[in-house]
Amino acid sequence: MVSGILNRNMDNELFLAVTSDYKKNLKLTHHQEQVVLGSLLGRGMIISPPGNRECYLRLRQSRNEDINIIAYKAMELKDFSRPKAFLEDKHSYCWNSISHTEWGKLHNFCYKNGKKEITMEWLDGLTQTALAMYYLDVGEVKKGIMEFNMARCASKELICTFFNEVDCFCELDKNKLKFTKEGTNNFIKIIDQSMPSYLLYRLS
């Protein structure tokens, strides 16, 4: 199974046995935080278990998509990986982090009343890295024009407004965010330096 291969072959650091002291001292770097914020705009989620237990991060992607996407994100967040972090089912691959107070902080920022709530404050704080991670989750280029799948997003209009404000011109078409040719080119210029070379094909 693919998850078994990933769990065996990923860098050994990914499966570091996390002691309580090591876990306590972990802090997200700015880069890691941006990877997470961009992923949360897409298919990522922070799970808040019952009973006042610490939150954890879950990344998910369809089995129909390039597994290198979730593998790249997992490598960037390897300090927070739990042993045997990768799981798979009939439809998707999944990566789970350790439980940690850092996820609780981001849960407080990104969730309201238990539901993800995208705000302009969140969007304004995104760097090229976060936007690249978001694109990898929901974006594609068709015949030179970029589209985002917004079917599961409750903040379509806000995200559309944000992109237009940063000259990534686009408009909503039902559950699609469709960029103009100029908007597509401007967005690619923003994110292409923040994507690993082996995923740059996703921009063409």
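These legends walk through close-up views of a predicted model. Local features need pLDDT of at least 70 and side-chain atom pairs count only at pLDDT 80 or more, while totals for chains, interfaces and linings use all residues. Residues are numbered from 1 along each chain as its sequence is written, and side-chain values use heavy atoms, with hydrogens and water left out.

**View 1. Tyrosine 135 meets phenylalanine 148.** Rings of Phe, Tyr and Trp (its six-membered ring) pair if their centres lie within 6.5 Å; planes under 30 degrees apart are stacked, over 60 edge-to-face, and the rest tilted. By this rule there are 12 aromatic pairs. Here the pair is tilted, with 6.0 Å centre to centre and 50° between the planes. It links helix α7 (residues 128–138) to strand β8 (residues 145–149); helices (H or I, at least four residues) and strands (E, at least two) are DSSP runs, numbered from the N terminus. Both residues are buried, meaning under 20% relative accessible area (1.4 Å probe, protein chains only).

**View 2. Phenylalanine 148 also pairs with phenylalanine 179.** The ring centres are 5.3 Å apart and the planes at 55°, so this pair is tilted. Phenylalanine 179 lies in strand β10 (residues 176–179), so the pair ties together parts 31 residues apart in sequence. Phenylalanine 179 is buried, as is phenylalanine 148.

**View 3. Four strands form an open sheet.** Their order is β7-β8-β10-β9, with antiparallel pairing; two strands pair if DSSP finds at least two bridges between them. The edge strands, β7 (139–142) and β9 (170–173), each pair on one side only. Four bridges join β7 to β8, and valine 141 has methionine 146 in β8 as its bridge partner.

Notes
Buried < 20%, exposed > 50% of the residue type's maximum accessible area, 1.4 Å probe, protein only.
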